[in-house]
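Here are a few worked exercises to go through with the coordinates open in your viewer. Try each task before you read its solution.

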Amino acid sequence: MSHHTIHLFRKGLRLHDHPTLLAALRSSRRLYPVYILDLQFISSAMRMGPLRWHFLLQSLEDLHRSLCRLGSCLLVIQGPYEAVLRERVRRWGITQVTLDAEVEPFYREMEANIRCLGQELGFEVLSLVGHSLYDTKRVLDLNGGEPPLTYKRFLHILSLLGDPELPVPSITAEDFQSCQPPGPGLAERFRVPLPADLEMPPESLSPWRGGETEGLQRLEQHLTDQGWVTTFTKPRTAPNSLLPSTTGLSPYFSLGCLSVRTFFHRLAKIYAQAKHHSLPPVSLQGQLLWREFFYTVASATPNFSSMAGNPLCLQISWAQDAERLHRWRTVFEELLLDADYSINAGNWLWLSASAFCHRYRRILCPVRFGRRTDPEGHYIRKYLPILKNFGSKHIYEPWTASEEEQKQAGCIIGRDYPFPMVNHEEVSDHNLQLMQQVREEQHRTAQLTRDDTEDSVELSVRPEHSEDLPRAKVARVAE
DNA sequence: TCGGAGTTGATTGT
DNA sequence: ACAATCAACTCCGA
């Protein structure tokens, strides 16, 4: 075939195991590898902090260099994606746009818009799944159209599908030979921007350098230690150890600098050579399957990343506190290097007992958790050096140290370091009650619907506004 | 319909 | 430091 094709990179910033790019090359005589840097789209759909911006730019630069080595290049075009695409399709006489299929609503909407544009301008659109182990639709189909909501059930469905497909061969210079690259003028005009071009600090502070090259190196490094790979057990890893106790590959998977199928099958090979190996959910393969689990559920759940309109999520009337939200935002969300729509939302749903995990009385206390897993507080001493002179007794609760002790540690709480945002005891107790109320409410409505269907009259005499009653009363009424 | 199980708890007692 | 106990909700499979 002889398409003039734009391959539109969104995730999938790699040349190994890239089915869509391979299909693009094989069906085209001219290929434009394009990344559209749509600042409006990126800032509204994804919440990118500087750390991730650096990672993205490094990944694009790495992709550009790899494409150059194969006789092509990456064109990074800034502007609103629809306008950019419209113009390029016209100028380059494009007959096909290829892109990886993704599960996020904002990426799906983008694909739908591109398909509309294709109808209008007369180009074909090809999208293949490259970012997950399976096509999530197949899992949904086998589960009766619904996403499996427990890991066990999910594994069962996967067992019906068999192993994920093998990775496709890496792209080589040969693949590009029958395909004309963009002219040198274009490469010059649409260079990968520098951080300064986007008004960012020039240097990244992160030791995780973005890009397929670095990702593959890290992957290989981990796979050399066969013992570590085969005995890996997630609950035995330490979230606050100074040396990472997990692979640290998640940022590379989140942008598709690494292929999960490649990792999966490399692990399978190592498992096959070993006498014993750990198993899902705690094994390394099990971690990839957790990712897959959350991708699958997210792909079939509206508003997966919020509470409102999310059918899986317990609906709680949380206190609205803009100030606290702002503080939480600035310390947590934008700093995630491996932020991923499905996994991040899935884990918050889990950890908050809003979905998946229903034992909501198990509440993690940040102080106790820290003391148990890192009694000396090495992690805090390294990353919050302002606190490093407190003794182990106070390192997790420096506000309980006496004035004298604070002076001695050279850190006055309230001046050099903030007071706690909340009183954990109070707040967790309050939230527990909120959740209990919601659940009681749910039980009652479920009961009512059941009674209705059974045409039972006597049981339908229940207070209509019982949510206003104190909890004890509600409980009694519900009996 | 019922019992068992759920990737990473807290508390109390030894 | 470690083990037993607590307390407890939903989903799934038998």
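**Exercise 1. Work out how α14 and α16 are arranged, and what each helix brings to the contact.**

Solution. Start with the geometry: in this predicted model, the axes of α14 and α16 are 8 Å apart and the packing angle is about 95 degrees. Next, classify that angle. The window for roughly perpendicular runs from 65 to 115 degrees, so α14 and α16 are roughly perpendicular to each other. Now list the side of α14: W290, R291, F294, Y295 and A298. Facing them from α16 are Y341, S342, I343, G346, N347 and W350. Finally, sort the contact by class, and you get 7 nonpolar, 3 polar and 1 charged residues.

**Exercise 2. Do the same for α7 and α14.**

Solution. Take helix α7, residues 151-161, and look at how its axis runs relative to that of α14: the two come within 11 Å and cross at roughly 95 degrees. That makes α7 and α14 roughly perpendicular to each other, too. For the contact itself, α7 supplies Y151, F154, L155 and L158. On the α14 side, pick out G286, L289, W290, E292, F293 and T296. The class tally for this contact is 7 nonpolar, 2 polar and 1 charged residues. Keep an eye on W290 of α14: it touches α7 and it also meets α16.

**Exercise 3. Are α10 and α13 roughly parallel or roughly perpendicular, and which hand does their crossing have?**

Solution. Select α10 (residues 212-223) and α13 (residues 260-273); the angle between them is about 15 degrees, with the axes 11 Å apart. An angle under 35 degrees counts as roughly parallel, so α10 is roughly parallel to α13. The crossing of α10 and α13 is right-handed. To see who does the packing, show L219, E220 and L223 in α10, then F263, R266, L267 and I270 in α13. By class, that contact has 5 nonpolar, no polar and 2 charged residues.

**Exercise 4. Find the backbone oddities in two loops.**

Solution. First, the background: most residues other than glycine have a negative phi, and most peptide bonds are trans. Now go to the loop between α13 and α14, where P281 sits. The P280 to P281 peptide bond is cis, with omega near 5 degrees. Then move to the loop between α16 (341-351) and α17, and stop at A353. This residue isn't a glycine, yet its phi is positive, at about 60 degrees.

**Exercise 5. Describe the protein surface near DNA strand B.**

Solution. Begin with the neighbours: 14 residues surround the strand, and the closest are W350, I363, C365, R368 and R372. Of the strand's atoms within 4 Å of the protein, sugar and phosphate account for 45%. Next, look at the phosphate oxygens of DNA strand B. The side chain of R368 places an N or O atom 3.0 Å from one of them, and for the side chain of R372 the distance is 3.1 Å. C365 uses its backbone instead, with an N or O atom 3.0 Å from a phosphate oxygen. The elements giving two or more residues to this surface are α14 (284-299) and α17 (366-373). Sorted by class, the surface near DNA strand B has 8 nonpolar, 1 polar and 5 charged residues.

**Exercise 6. Now repeat the analysis for DNA strand C.**

Solution. List the surrounding residues: T150, R153, H358, R359, Y360, R361, R439 and H443. Sugar and phosphate make up 95% of the DNA strand C atoms that come within 4 Å of the protein. Then check the atom pairs. An N or O atom in the side chain of R153 is 3.1 Å from a phosphate oxygen of the strand. H358 works through a backbone N or O atom, 3.4 Å from a sugar or linking oxygen. Last, the class split for the surface near DNA strand C is 1 nonpolar, 3 polar and 4 charged.

Conventions
Residues are numbered from 1 along each chain as its sequence is written. Chains are lettered from A and ligands numbered from 1 in the order in which they are written. This is a predicted model: local features need pLDDT of at least 70, side-chain atom pairs count only at pLDDT 80 or more; totals for chains, interfaces and linings use all residues. Side-chain values use heavy atoms; hydrogens and water are left out. Axes are lines fitted to C-alpha atoms, for helices over the stretch in contact, and angles run from 0 to 180 degrees between N-to-C directions. Helices (H or I, at least four residues) and strands (E, at least two) are DSSP runs, numbered from the N terminus. Angles under 35 degrees count as roughly parallel, over 145 as roughly antiparallel, 65 to 115 as roughly perpendicular and the rest as oblique. A crossing is left-handed if the near helix is turned anticlockwise from the far one by less than a right angle, and right-handed if clockwise. Contact means heavy atoms within 4.5 Å. Ala, Val, Leu, Ile, Met, Phe, Trp, Tyr, Cys and Pro count as nonpolar, Asp, Glu, Lys and Arg as charged, and the others, Gly among them, as polar. A residue is near a molecule or strand if one of its heavy atoms lies within 4 Å of it. A polar contact is a pair of N or O atoms within 3.5 Å; within protein, one must be able to donate a hydrogen and the other to accept it, and residues adjacent in sequence count only if both atoms are side-chain atoms.
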